[in-house]
Amino acid sequence: MSALHSLLDNLAAAGIAYGWRIDAIVLGGLVWALAAGYEQVRTAIA
């Protein structure tokens with residue numbers, strides 16, 4: 001969980017630095033989390 005938390009912190013820092021919108025950062029983080037979770041489930045089943 002700490003890895004995900006630090007990733008989101010890094011995304012937020014990068015977003016602020018580059019002037020991205022916070023909602024776009026959150027949406028990107030959610031998409032990444034869903035993709036990572038799906039990949040873990042798919043790997044566990046296979």
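## How the helices cross

Helix α1 passes helix α2 in a right-handed crossing. This is a predicted model, so keep that in mind for everything below. The residues that make the contact on the α1 side are L4, L7, L8, L11, A12, G15 and I16. On the α2 side, the contributors are I22, I25, G29 and W32. What kinds of residue does the contact of α1 with α2 divide into? Nine are nonpolar and two are polar, with no charged ones in the mix.

As for the geometry, two packed helices are described by the angle between their axes and the distance between the axes. Here, α1 covers residues 2–18 and α2 covers residues 22–45. The two pack at an angle of about 150°, and their axes are 10 Å apart. Angles over 145 degrees count as roughly antiparallel, and α1 and α2 are therefore roughly antiparallel to each other.

## The overall build

Stepping back, the secondary structure of the protein comes to two helices and zero strands. Its C-alpha trace spans about 40 × 20 × 10 Å along the principal axes. As for burial, 7% of the 46 residues count as buried.

## A salt bridge in α2

Side chains of opposite charge can pair when their charged atoms come close. How many salt bridges does the count come to here? The answer is one salt bridge, and the partners are E39 and R42. Their closest N and O atoms are 2.8 Å apart.

Both residues sit in helix α2, three residues apart, which means they are separated by about one helical turn. Are they buried or exposed? Somewhere in between: E39 counts as partly exposed because its relative accessibility is 37%. R42 comes in at 45% relative accessibility, so R42 counts as partly exposed too.

## The loop and the far stretch of α2

Moving on to the connection, G19 is found in the loop between α1 and α2. With 59% relative accessibility, G19 counts as exposed. Take A44 as a partner for a distance check: G19 and A44 are 25 residues apart in sequence, and their C-alpha atoms are 38 Å apart in space.

T43 has its place in helix α2. At 55% relative accessibility, T43 counts as exposed, since the cut-off for that label is over 50%. How far is T43 from N10, C-alpha to C-alpha? The separation is 26 Å, for two residues that lie 33 residues apart along the chain.

Conventions:
Residues are numbered from 1 along each chain as its sequence is written. This is a predicted model: local features need pLDDT of at least 70, side-chain atom pairs count only at pLDDT 80 or more; totals for chains, interfaces and linings use all residues. Side-chain values use heavy atoms; hydrogens and water are left out. Axes are lines fitted to C-alpha atoms, for helices over the stretch in contact, and angles run from 0 to 180 degrees between N-to-C directions. Helices (H or I, at least four residues) and strands (E, at least two) are DSSP runs, numbered from the N terminus. Angles under 35 degrees count as roughly parallel, over 145 as roughly antiparallel, 65 to 115 as roughly perpendicular and the rest as oblique. A crossing is left-handed if the near helix is turned anticlockwise from the far one by less than a right angle, and right-handed if clockwise. Contact means heavy atoms within 4.5 Å. Ala, Val, Leu, Ile, Met, Phe, Trp, Tyr, Cys and Pro count as nonpolar, Asp, Glu, Lys and Arg as charged, and the others, Gly among them, as polar. A salt bridge is a side-chain nitrogen of Lys or Arg within 4 Å of a carboxyl oxygen of Asp or Glu. Buried means under 20% relative accessible area, exposed over 50%, partly exposed in between (1.4 Å probe, protein chains only).
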